[in-house]
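Dear colleague,

I am handing over the structure below, together with some notes on what was found in it. Please keep the model open while you read, since the notes move from one part of the chain to the next.

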Amino acid sequence: MTGWLSRKSSEASKEDTASDSKGGSGSGIIFTTDGLVLTNHHVTAAGSSYTVITSDGQEIPATLVAQDADLDVAVLRLRTRFTSKQFKNPPPLISSAKSRSGEKVFTVGHPLAGLLSSEAKYNEGTISAL
C-alpha cells in the first residue's frame, strides 16, 4: 500500500507560490506498521508541514523524522495510525547491499501529479548490474 505525500510549505518562495500556492507533492511508501513513510528529500525540502494522502483518500498529518539531501531521501512519521483492510503488513524492504544481479525490482511513483497523469506510475525490472 503506497501513501501519497502532499507537502505544504508555510515558507514558500515567490517562485513556488507562483507555480503552486498549495505546496508541492511527491510519492512515498508507508514502510512500518507504526507509520514511517519513506520519500525523497526533494519532496520534503521546502516544506514546513506535511500531509500524507493514502491511496484510499485518507489525509494523515505527518512530521519530518530525518532527511539527507545527498542521498535524496527523507522519512516522515504519521501523527495518527493508518489503518486499511488492504494494508495489513508493510512491504518487505532489504538493504541494497543484499541486492543481487537478476533480482526483480519495482518502483511506484506519482511524478508531476496533474501534468503526467492523475494516477501512480508503476515500473518493474531486473537488476542487471551492481
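I begin with a pair of strands: β4 and β5 run antiparallel and are joined by four bridges, where two strands are said to pair if DSSP finds at least two bridges between them. Before going further, please note that this is a predicted model, in which local features need pLDDT of at least 70 and side-chain atom pairs count only at pLDDT 80 or more, while totals for chains, interfaces and linings use all residues. Residues are numbered from 1 along each chain as its sequence is written, and side-chain values use heavy atoms, with hydrogens and water left out.

Within this pairing, I53 has E59 of β5 as its bridge partner, and T51 stands opposite P61, which also belongs to β5. The hairpin of β4 and β5 has four residues between the strands, and G57 takes a positive phi near 90° there.

The next pairing is that of β5 with β6, which is also antiparallel and extends over six bridges; here A62 stands opposite L78 in β6. This hairpin, too, has four residues between its strands, and in it D72 takes a positive phi near 55°, although D72 is not a glycine. D72 lies in the loop between β5 and β6 and is partly exposed, with a relative accessible area of 26%; the term covers the range between buried, which means under 20% relative accessible area, and exposed, which means over 50% (1.4 Å probe, protein chains only). A45, in the loop between α2 (41–44) and β4, is likewise partly exposed, at 45%. The C-alpha atoms of A45 and D72 are separated by 9.5 Å, with their positions 27 residues apart along the chain.

For the chain as a whole, there are two helices and eight strands, and they follow the pattern β-α-β-β-α-β-β-β-β-β when read along the sequence. Both kinds of element are DSSP runs numbered from the N terminus (helices are H or I with at least four residues, strands are E with at least two). Of the 130 residues, 29% are buried. Taking contacts (heavy atoms within 4.5 Å) between residues at least 6 apart in sequence, 55% join residues at least 24 apart.

The interior can be described through the largest nonpolar core, which has nine residues: I30, V37, Y50, V52, I60, A62, L76, L78 and F82. The strands β4 (49–54), β5 (59–68) and β6 (73–78) each supply at least two residues of this core. By definition, such a core is a set of buried Ala, Val, Leu, Ile, Met, Phe, Trp, Tyr and Cys residues joined through side-chain atoms within 4.5 Å. As general background, nonpolar side chains tend to be buried together in soluble globular proteins. One member of the core, I30, is found in strand β2 (residues 25–30) and is buried, with a relative accessible area of 1%. The C-alpha atoms of I30 and V52 are separated by 9.5 Å, although these residues are 22 apart along the chain.

Turning to charged side chains, the count comes to one salt bridge, a term used for a side-chain nitrogen of Lys or Arg within 4 Å of a carboxyl oxygen of Asp or Glu. The side chains that meet in it are those of R77 and D34, at 3.3 Å from N to O. R77 lies in strand β6 and D34 in the loop between β2 and β3 (36–39), so the pair ties together parts that are 43 residues apart in sequence. Both partners are partly exposed, R77 with a relative accessible area of 31% and D34 with one of 45%.

On the surface, the chain exposes about 8600 Å², of which carbon and sulfur atoms supply 52%; accessible areas come from the Shrake-Rupley method with a 1.4 Å probe, and for residues only the protein chains shown count as cover. A nonpolar patch is formed there by F106, V108 and Y122, with about 300 Å² of accessible area together. Patches are made of residues with over 30% relative accessible area and no salt bridge, like charges being joined within 9 Å and nonpolar side chains (Val, Leu, Ile, Met, Phe, Trp, Tyr) within 5 Å. Y122 is found in strand β8 (residues 121–126) and, at 48% relative accessibility, counts as partly exposed.

With best wishes
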